[in-house]
Amino acid sequence: MRHLYRRWDTPRSTFGDLMVVVFLVVQCLDGVLTYLGVSIWGPGVEANPLISTAMAVAGPIPGLAGAKLVAIAFGMVLHLRRVHNIVALLTLIYLTVAILPWAAPFLTR
């Protein structure tokens, strides 16, 4: 578990910079795909209860944008804390459980 956490005073890392950029791209892609999916198939297609509640309360665009901004903010905090392995792990998780499930209906349609 110790290899997932690095101290604040470690030097900049090219790997960390790359991972935070990929994390930001994945978050934006997830937001776009979620918006397209909700606008095509309706709000019931969103499986994440936090995202669907945010969209129901604030509307699709503000709710989704707010949720994505919170996720990006947490990712940036991890990056600034130099916890790049966790940012990479979260990026992989998002690709697996958010991007691929959204991409499948669009590619098969």
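## The end of helix H3

Just after helix H3, Arg82 has a positive phi of about 65°. Helices here are DSSP runs of H or I with at least four residues, numbered from the N terminus. This is a predicted model, in which local features need pLDDT of at least 70, side-chain atom pairs count only at pLDDT 80 or more, and totals for chains, interfaces and linings use all residues. Residues are numbered from 1 along each chain as its sequence is written, and side-chain values use heavy atoms, with hydrogens and water left out.

## Length and faces of H3

H3 covers residues 60–80, and its 21 residues should span 30 Å at 1.5 Å a residue; the end C-alpha atoms are 30 Å apart, which agrees. The expected span is 1.5 Å times one less than the number of residues.

The buried residues of H3 (under 20% relative accessible area, 1.4 Å probe, protein chains only) are Gly63, Leu64, Ala67, Lys68, Ala71, Ile72, Gly75 and His79. Seen down the axis of H3, they fall within an arc of 165°, so they line one face. The arc is taken from the directions from the helix axis to the C-beta atoms. What covers these residues includes H1, H2 and helix H4 (84–108). The face turned away from the buried side carries Leu69 and Phe74, both exposed (over 50%).

## Around helix H2

Gly44 lies in the loop between helix H1 (14–41) and H2. At 74% relative accessibility, Gly44 counts as exposed.

At the start of H2 (residues 49–58), a side-chain oxygen of Asn48 comes within 2.9 Å of the backbone nitrogen of Leu50. After H2 comes Gly59, with a positive phi near 105°.

Terms used
Polar contact = N/O pair within 3.5 Å; in protein donor to acceptor, adjacent residues only side chain to side chain. Helix = DSSP H or I, 4+ residues; strand = E, 2+ residues; numbered from the N terminus. Contact = heavy atoms within 4.5 Å.
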